[in-house]
Amino acid sequence: MNHLDTLSQTLLMGPGPSCVPDPVYAALSRYTIGHLDPRFISIMDEIKRRLQLLMETENRLTIPISGTGSAGMETCFVNLIEPGDPVLVLKNGVFGMRMEDLAGRLGAAVDVLEFEWGTAVEPEAVKKKLQEKSYKIVAVVHAETSTGVMNPVDKIGEMAAASNALFLVDSVTSLGGLPVKTDDWKIDAIYSGTQKCLSCPPGLAPISFSAKAIETLKARKTKVPNWYLDLTMIINYWDGDTRAYHHTAPVNMLYGLYAALGVILEEGKEQVFARHRQTHDYLVEGLEKLGLAMAVSPESRLPMLNAVTIPEGTEDARIRQQLLKKYDIEIGAGLGPLAGKIWRVGLMGHTAREKNVDRLLQALQEIL
Ligand SMILES: *Cc1c(COP(=O)(O)O)cnc(C)c1O
């Protein structure tokens, strides 16, 4: 049997991957060429330009890393941290916890400021912490996919810059669904992933480094401890005249990213963000009509990741399985302390359409 024949066009309404639009599928199946072919170099240059537009940055080092969002995270931390560096992680969910774990593995002296999961990071508390102690890096997740909460990255960026720390941001879920103003928000290192609001299959992690972050990288006393993600070498493939081989670029994945960014920029960034917001409002209204409640208060809710409180006495796993088996719709379960307590309904990128919300609401009505 050919296992690929069992696949269907599942409606992906979980925390990623999201639905992929046809132009991206078409791009993925174009001819593979060499990763040093001048035609491929031109595609790379255009990907960098498109990422700069979407990430609202003039940072020259704005490139996709080979690997999923977590490889982007690893790239940012591993290039900037040396053993003993003081790092402050603002944590209010699973992905903040992952930052804490990673920084610790690199030998950083990690302090964590934790906020109740399901609520946003409070800038006042961050300000107080930064007055008490100075840090090399302040790290936060923009869109906490585990809880559906948006953190006030703009305010935290001001504070981090005032304290002279590097500001490191996870935009895996926010990029392509919410404005991400890398330069205005004084972000020094940012990473994302392709399978959330960029609506490309998983496999690449866009990142961007500010001039200040590059200075920090160049001033390292020790080598970057990860060979594959060492930006001092990767830069030579993505920038400059020599274009030296470092590792073979995932050529067809990069065609996919090229097309996915093209789809977003063609619709228009602002239109895309507005569509996420409108589809989110439409979903919330529909869920509330079914008697379901949102788990996050309105001012901190993400448009692309909706945490829905599972009603008392409802069998979490059975309902998700039924949605998938009978209706071909995938939604996400709660993670960590929120397992069994919430469903995570994604409206990411190409998935964020009212007709998809209608399909989910209809199915939920029948099942519940
Ligand atoms: C999905 C996600 C990640 C991890 O990305 P992978 O592609 O699964 O490696 C990191 N941070 C956030 C906020 C995410 O939503």
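**Close-up 1. Asp37, a buried residue in a loop.** In this predicted model, Asp37 counts as buried because its relative accessibility is 18%, and the cut-off for buried is under 20%. To find Asp37, look at the loop that runs between helix 1 (22-28) and helix 2 (38-55). Its side chain has a partner here: a polar contact of 2.8 Å links the side chains of Asp37 and Arg39.

**Close-up 2. The shell around the ligand.** Now over to the ligand, which has 13 residues around it. Thr68, Ser70, Thr145, Asp170 and Lys196 are the ones that come nearest. Sorted by class, the shell is made up of 6 polar, 4 nonpolar and 3 charged residues. Two helices to pick out are helix 3 (69-80) and helix 4 (94-105), since each of them supplies at least two residues of this shell.

**Close-up 3. Polar atoms facing the ligand's oxygens.** Zoom in on Thr145 and you'll find one of its polar side-chain atoms 2.3 Å from an oxygen atom of the ligand. Lys196 does something along those lines, with a polar side-chain atom 2.7 Å from a ligand oxygen. With Gly69, it's the backbone that takes part: a polar backbone atom there sits 2.9 Å from an oxygen atom of the ligand. As for how much of the ligand is hidden, the protein covers 89% of the 380 Å² of accessible area that the ligand has on its own.

How values were computed. Residues numbered from 1 in each chain as written. Predicted model: local features only at pLDDT ≥ 70, side-chain atom pairs only at ≥ 80, totals over all residues. Heavy atoms only, no water. Helix = DSSP H or I, 4+ residues; strand = E, 2+ residues; numbered from the N terminus. Buried < 20%, exposed > 50% of the residue type's maximum accessible area, 1.4 Å probe, protein only. Polar contact = N/O pair within 3.5 Å; in protein donor to acceptor, adjacent residues only side chain to side chain. Near = heavy atom within 4 Å. Areas by Shrake-Rupley, 256 points an atom, 1.4 Å probe, with all protein chains shown as cover. Nonpolar A, V, L, I, M, F, W, Y, C, P; charged D, E, K, R; others polar.
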